[in-house]
Amino acid sequence: DAIIQLNNLGQALHAQGRFPEAAARLEAACRSATNQWGPAHLVTRRACGNLAATRGAMGEWALAWEIYQSVLSPDSSPNQLLNAALAARLAGDTRQS
């Protein structure tokens, strides 16, 4: 599927430190998956979560936070930890969670 291929390419580019290129692919994957399957679908959550991670790696913490909030369930404990870590980062607290 083209969406999964975009996501995989975005992840590979992220791993190489090619963040702007990764973000472009992951944004396309996130948008397409959201349109095709909705925000709760696993593929959507993966693609959008990867986009948020890439935006965070680019220092775009507010945008990363917004993306995470839009697709991840606040009821799941790994997401609660991630939300706390991002909130601390946005607040200027760089201690590890």
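## A buried asparagine in α1

N7 belongs to helix α1, which covers residues 2-15. The model described here is a predicted one. With a relative accessibility of 9%, N7 counts as buried, because buried means under 20% relative accessible area.

Which residues does N7 contact, leaving aside its neighbours within four places in sequence? They are L26, A29, R46, A47 and N50.

## The pairing of α2 and α3

Helix α2 spans residues 19-37 and helix α3 spans residues 42-57. The two pack with their axes 8 Å apart, at an angle of about 150°. Angles over 145 degrees count as roughly antiparallel, and α2 and α3 are therefore roughly antiparallel to each other. Their crossing is left-handed.

On the α2 side, the contact is made by F19, A22, A23, L26, E27, A29, C30, A33, T34 and W37. On the α3 side, the residues are V43, T44, A47, C48, N50, L51, T54, R55 and A57. Sorted by character, the residues of this contact comprise 13 nonpolar, 4 polar and 2 charged.

## The nonpolar cores

The largest nonpolar core contains 12 residues: L13, A22, A23, L26, C30, C48, L51, A52, A64, I67, Y68 and V71. Two or more residues of this core come from each of α2, α3 and α4, the last of these being residues 61-71.

Another core, of 5 residues, lies apart from the largest one. Among its members are A29, A33, V43 and A47. Two of these names, A29 and A47, also appear among the contacts of N7.

How values were computed:
Residues are numbered from 1 along each chain as its sequence is written. This is a predicted model: local features need pLDDT of at least 70, side-chain atom pairs count only at pLDDT 80 or more; totals for chains, interfaces and linings use all residues. Side-chain values use heavy atoms; hydrogens and water are left out. Axes are lines fitted to C-alpha atoms, for helices over the stretch in contact, and angles run from 0 to 180 degrees between N-to-C directions. Helices (H or I, at least four residues) and strands (E, at least two) are DSSP runs, numbered from the N terminus. Angles under 35 degrees count as roughly parallel, over 145 as roughly antiparallel, 65 to 115 as roughly perpendicular and the rest as oblique. A crossing is left-handed if the near helix is turned anticlockwise from the far one by less than a right angle, and right-handed if clockwise. Contact means heavy atoms within 4.5 Å. Ala, Val, Leu, Ile, Met, Phe, Trp, Tyr, Cys and Pro count as nonpolar, Asp, Glu, Lys and Arg as charged, and the others, Gly among them, as polar. Buried means under 20% relative accessible area, exposed over 50%, partly exposed in between (1.4 Å probe, protein chains only). A nonpolar core is a set of buried Ala, Val, Leu, Ile, Met, Phe, Trp, Tyr and Cys residues joined through side-chain atoms within 4.5 Å.
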